[in-house]
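Subject: Structure for you to look at

Hi,

Here is the structure I promised to send over. Please open it next to this email, and my notes follow below.

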Amino acid sequence: MRGYDRKQVEEVRQRATKEIETLLSELKEAREIAETALRHVENYRSQEDTLKEALVLAQKTADETRALAQKEAEYIREKAQSDALTTADQYQERINDLRWDLERLRLERQKFVIHFRAILQEQLQALDEGRSAQFTLVNLETLDPAENEEAAAS
């Protein structure tokens, strides 16, 4: 009679029920997707934290390695400088020794030349005086002024 048509009301109710069921199903599915996404996000955050820690540790290790390498390089440089100074001192000492030896040899040569000249002069003088038969052989390696005088005297 004058009211609502039961069929129409029932159809609207059924369509509304189906629509609500569909929406509830979609809502449930969306919630499951959201929960899965949240788990993934948490997993990614955990991985991110692990990666951050690994990067910090790697940076710290790199810094420590760099510092250690610098210390070692400084030690090697200082040791090389010390060795170079020691070697230079040793060579300078050796040069000084060789200079003294050279000077000693020069003096010995000069002494030898003076003694040899004295012997030659004595022999020339003896020749000039006519004593040529009295030549004396002298060992030139052991020339000594005292020996020269004795050799010349005999």
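Which residue's side chain meets that of Glu 103 in a salt bridge? The partner is Arg 106, at 3.7 Å from N to O. I come back to this pair below.

One caution before the rest: this is a predicted model.

**Overall picture**

The protein has two helices and zero strands. Helix H1 runs over residues 6–129. The protein has 154 residues, and 5% of them count as buried. About 14,300 Å² is exposed. Carbon and sulfur atoms supply 56% of that area.

**Salt bridges**

The structure holds eight salt bridges. Here are some of them, including the pair from the opening question.

Start with Glu 103 and Arg 106. They sit three residues apart in helix H1, so about one helical turn separates them. Glu 103 has a relative accessibility of 34%, so it counts as partly exposed. Arg 106 comes to 48% and is also partly exposed. The cut-off for exposed is over 50%, so Arg 106 at 48% stays in the partly exposed class.

Next, Arg 104 and Glu 108. Their closest N and O atoms are 2.8 Å apart, and the two form a salt bridge. Both residues lie in helix H1, four residues apart, which is about one turn of the helix. Arg 104 is partly exposed, with a relative accessible area of 42%. Glu 108 is partly exposed too, with a value of 42%.

Then Lys 52 and Glu 48. Their side chains meet in a salt bridge at 3.6 Å, N to O. The two are four residues apart in helix H1, so the separation is about one helical turn. Lys 52 has 47% relative accessibility and counts as partly exposed. Glu 48 has 39% and counts as partly exposed as well.

**Aromatic pair**

How many aromatic pairs does a search of the whole structure find? It finds one. The rings belong to Phe 112 and Phe 116, and their centres are 5.7 Å apart. Why is the pair called stacked? The ring planes stand at 15°, and planes under 30 degrees apart count as stacked. Both Phe residues lie in helix H1. They are four residues apart, about one turn of the helix. Phe 112 is partly exposed, at 34% relative accessibility. Phe 116 is partly exposed at 29%. Buried would need a value under 20%, so Phe 116 at 29% does not count as buried.

**Surface patches**

There is a patch of negative charge on the surface. Its members are Glu 19, Glu 26, Glu 29, Glu 32 and Glu 35. I looked further at one of them, Glu 35. This residue lies in helix H1. Glu 35 is partly exposed, with a relative accessible area of 46%.

Which residues form a nonpolar patch on the surface? They are Ile 20, Leu 24 and Leu 27. Together they have about 280 Å² of accessible area. Ile 20 is found in helix H1. Its relative accessible area is 48%, so Ile 20 is partly exposed.

**Where to look on screen**

For a quick tour, begin with the Glu patch that includes Glu 19 and Glu 35. The nonpolar patch with Ile 20 is another stop. Move on to the Lys 52 and Glu 48 salt bridge. After that comes the Arg 104 and Glu 108 bridge. Finish at the stacked rings of Phe 112 and Phe 116.

Best wishes

Terms used: Residues are numbered from 1 along each chain as its sequence is written. This is a predicted model: local features need pLDDT of at least 70, side-chain atom pairs count only at pLDDT 80 or more; totals for chains, interfaces and linings use all residues. Side-chain values use heavy atoms; hydrogens and water are left out. Patches are made of residues with over 30% relative accessible area and no salt bridge: like charges are joined within 9 Å, nonpolar side chains (Val, Leu, Ile, Met, Phe, Trp, Tyr) within 5 Å. Accessible areas come from the Shrake-Rupley method with a 1.4 Å probe; for residues, only the protein chains shown count as cover. A salt bridge is a side-chain nitrogen of Lys or Arg within 4 Å of a carboxyl oxygen of Asp or Glu. Lys and Arg count as positive and Asp and Glu as negative; His and the chain ends are not counted. The place of a charge is taken as NZ of Lys, CZ of Arg, CG of Asp or CD of Glu. Buried means under 20% relative accessible area, exposed over 50%, partly exposed in between (1.4 Å probe, protein chains only). Rings of Phe, Tyr and Trp (its six-membered ring) pair if their centres lie within 6.5 Å; planes under 30 degrees apart count as stacked, over 60 as edge-to-face and the rest as tilted.
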